[in-house]
Amino acid sequence: MKKGPLHTSLCDDLGIEHPIILAGMGMKGRATPPRLVAAVSEAGGLGVLGCSWLDGDEVRRRVRRVRELTDKPFGVDLLLPATMAEAMPDRAEMRARVKRDYPRHWEFVQSLREKFNLPPAEGKGGVMSAAFIRGQVDACLEERVPVFAAGLGDPSWVVPLARKVGMKVMGLVGTVRNAQRQVNAGVDYVIAQGYEAGGHTGKIATVALVPQVVDAVRPVPVLAAGGIADGRGLVAGLALGAVGAWVGTAFLLANECDIFAVHKDEIVRGSAEDFVVTRAYTGKTARDYRNDVIAAWESSGLSALPMPLQGVLMDEFVAAAEAADRADLINNPVGQIAGMLTKKRPAREILLSMVDEAVAVLGRLDSMHTVAARA
Ligand SMILES: Cc1cc2nc3c(=O)[nH]c(=O)nc-3n(C[C@H](O)[C@H](O)[C@H](O)COP(=O)(O)O)c2cc1C
């Protein structure tokens with residue numbers, strides 16, 4: 001492994017050249033497909049497959065595909081429930097429960113479908129039973145995936161299994177309290193993700209969160225996430241005490257990223273304030289591109305149901321929008337930093353330009369320091 005110009009302990013530990021990790025992003029496998037993951041790892045970072053909602057066989061297939069494309073290290077990201085007992089039962093059963101217990105919400109979603117002239121479609125959301133999650137994790141263990149990241153939930157039961165196969169475990173958090181929980185669970189890395197991030201997000205901004213997490217969990221290493229899309233952000237993350245950056249939004253415009261073309265265009269045209277926090281699609285606060293569905297929920301007077309019920313409630317609407325080729329009505333999770341992203345380009349270029357710019361920023365800071373010292 002070559003040593004890059006921004007070498008940190010993360011690079012030694014994971015066997016990578018640059019301290020940049022492609023965040024595992026779900027979206028039914030569209031956001032971080034194997035060719036994007038492999039491109040990031042080939043460029044010297046660490047690619048991570050977002051595999052939430054994909055079953056064990058699909059996780060295995062994607063892992064093997066990455067291995068066909070690169071012999072470099074990579075990872076898998078999954079969403080775990082807070083406890084295995086909270087894992088979701090059968091989705092059809094949940095849908096029936098939501099319809100029975102929340103008739104106003106149910107009717108509102110039917111009216112939403114009619115408002116946008118979408119023919120009915122069957123909801124495609126998967127089941128998140130304990131057996132489903134165990135199947136996903138087993139695929140990672142059996143395939144000896146080098147890095148496992150838990151986007152939500154409690155990874156404590158995964159850690160001892162991961163140790164046995166030499167798999168590193170990362171846990172994503174938005175508060176200091178959750179960072180401490182992840183450390184108690186035994187993770188090797190804490191990912192501190194700030195409010196500005198795309199997808200599910202908390203309330204504390206990256207610049208405030210990262211140093212507090214670094215101090216709270218030392219000596220466990222921390223990755224900075226949320227709003228990092230260029231060399232300036234990368235240097236900032238390192239300055240806050242992180243050993244590397246976990247980057248999502250910046251890679252959504254990669255040529256290798258398979259999100260809907262409409263969603264890429266929304267990113268290109270969006271300003272920072274167009275990426276808003278909503279519970280409309282999943283029930284948990286998530287940052288998405290502002291659209292007519294979010295606006296309709298906001299003016300409905302109804303509050304979204306808690307996760308996972310809201311996702312179940314919205315399943316059929318999302319399936320109907322997809323069948324009618326109306327991706328503009330489907331959630332497009334993107335972070336605030338997208339306000340400055342305009343270019344679709346290869347993942348390698350995104351990653352290497354981040355490294356080059358970070359080196360230039362460090363040079364600039366160093367010359368400021370030298371000039372100040374001479375004065
Ligand atoms: C499209 C999208 C999908 C995401 N899906 C997941 C996911 O499935 N699991 C997860 O741990 N994080 C997910 N995230 C959050 C990312 O892992 C990461 O923390 C975030 O993108 C970092 O902030 P940034 O978007 O400003 O770079 C998602 C983010 C985006 C933008």
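I took two residues to be in contact if their C-beta atoms, placed from the backbone, lie within 7 Å. With that rule I looked up L152, which touches L79, L80 and H200, not counting residues up to four places away in sequence. I was working on a predicted model, in which local features need pLDDT of at least 70, side-chain atom pairs count only at pLDDT 80 or more, and totals for chains, interfaces and linings use all residues. I kept the numbering that starts from 1 along each chain as its sequence is written.

**L152 and its strand**

I found L152 in strand β4 (residues 147–152), helices (H or I, at least four residues) and strands (E, at least two) being DSSP runs numbered from the N terminus. For burial I used the count of other C-beta atoms within 10 Å of a residue's own, again placed from the backbone: 20 or more is buried, 12 or fewer is exposed, and in between is partly exposed. L152 has 18 such atoms within 10 Å and is therefore partly exposed. I also looked up its separation from A254, 102 residues apart along the chain, and the two C-alpha atoms are separated by 25 Å.

**The parallel sheet**

I noted an open sheet of eight strands in the order β1-β9-β8-β6-β5-β4-β3-β2, with parallel pairing, where two strands pair if DSSP finds at least two bridges between them. The edge strands are β1 (20–22) and β2 (47–50), each of which pairs on one side only. Neighbouring strands are turned by 25° against each other on average, direction ignored; axes here are lines fitted to C-alpha atoms, for helices over the stretch in contact, and angles run from 0 to 180 degrees between N-to-C directions.

At the β1 edge, three bridges join β1 to strand β9 (residues 244–247), and I21 has W246 as its bridge partner in β9. At the β2 edge, four bridges join β2 to β3, with L49 partnered by V76. I then checked β3 (residues 74–79), where six of its six residues are buried: F74, V76 and L78 on one side, and G75, D77 and L79 on the other.

**Helix α9**

I compared the length of helix α9 (residues 206–217) with expectation, which is 1.5 Å times one less than the number of residues; its twelve residues should span 16 Å, and the end C-alpha atoms are 16 Å apart, which agrees. Its buried residues are T206, L209, V210, V213, V214 and V217. They cover an arc of only 125° around the axis, so they lie on the same side of α9, the arc being that of the directions from the helix axis to the C-beta atoms. An α-helix has 3.6 residues a turn, so residues three or four places apart point the same way. Among the elements covering these buried residues I listed β5 (168–173), α8 (176–185) and β6 (189–193).

**Nonpolar cores**

I took a nonpolar core as a set of buried Ala, Val, Leu, Ile, Met, Phe, Trp, Tyr and Cys residues joined through C-beta atoms within 7 Å. The largest has 96 residues, and those with the most contacts inside it are V48, I191, A192, A245 and V247. Helix α14 (residues 347–374) gives the most to this core, with six residues. Apart from it lies another core, of 19 residues, among them A286, V293, W297 and M314.
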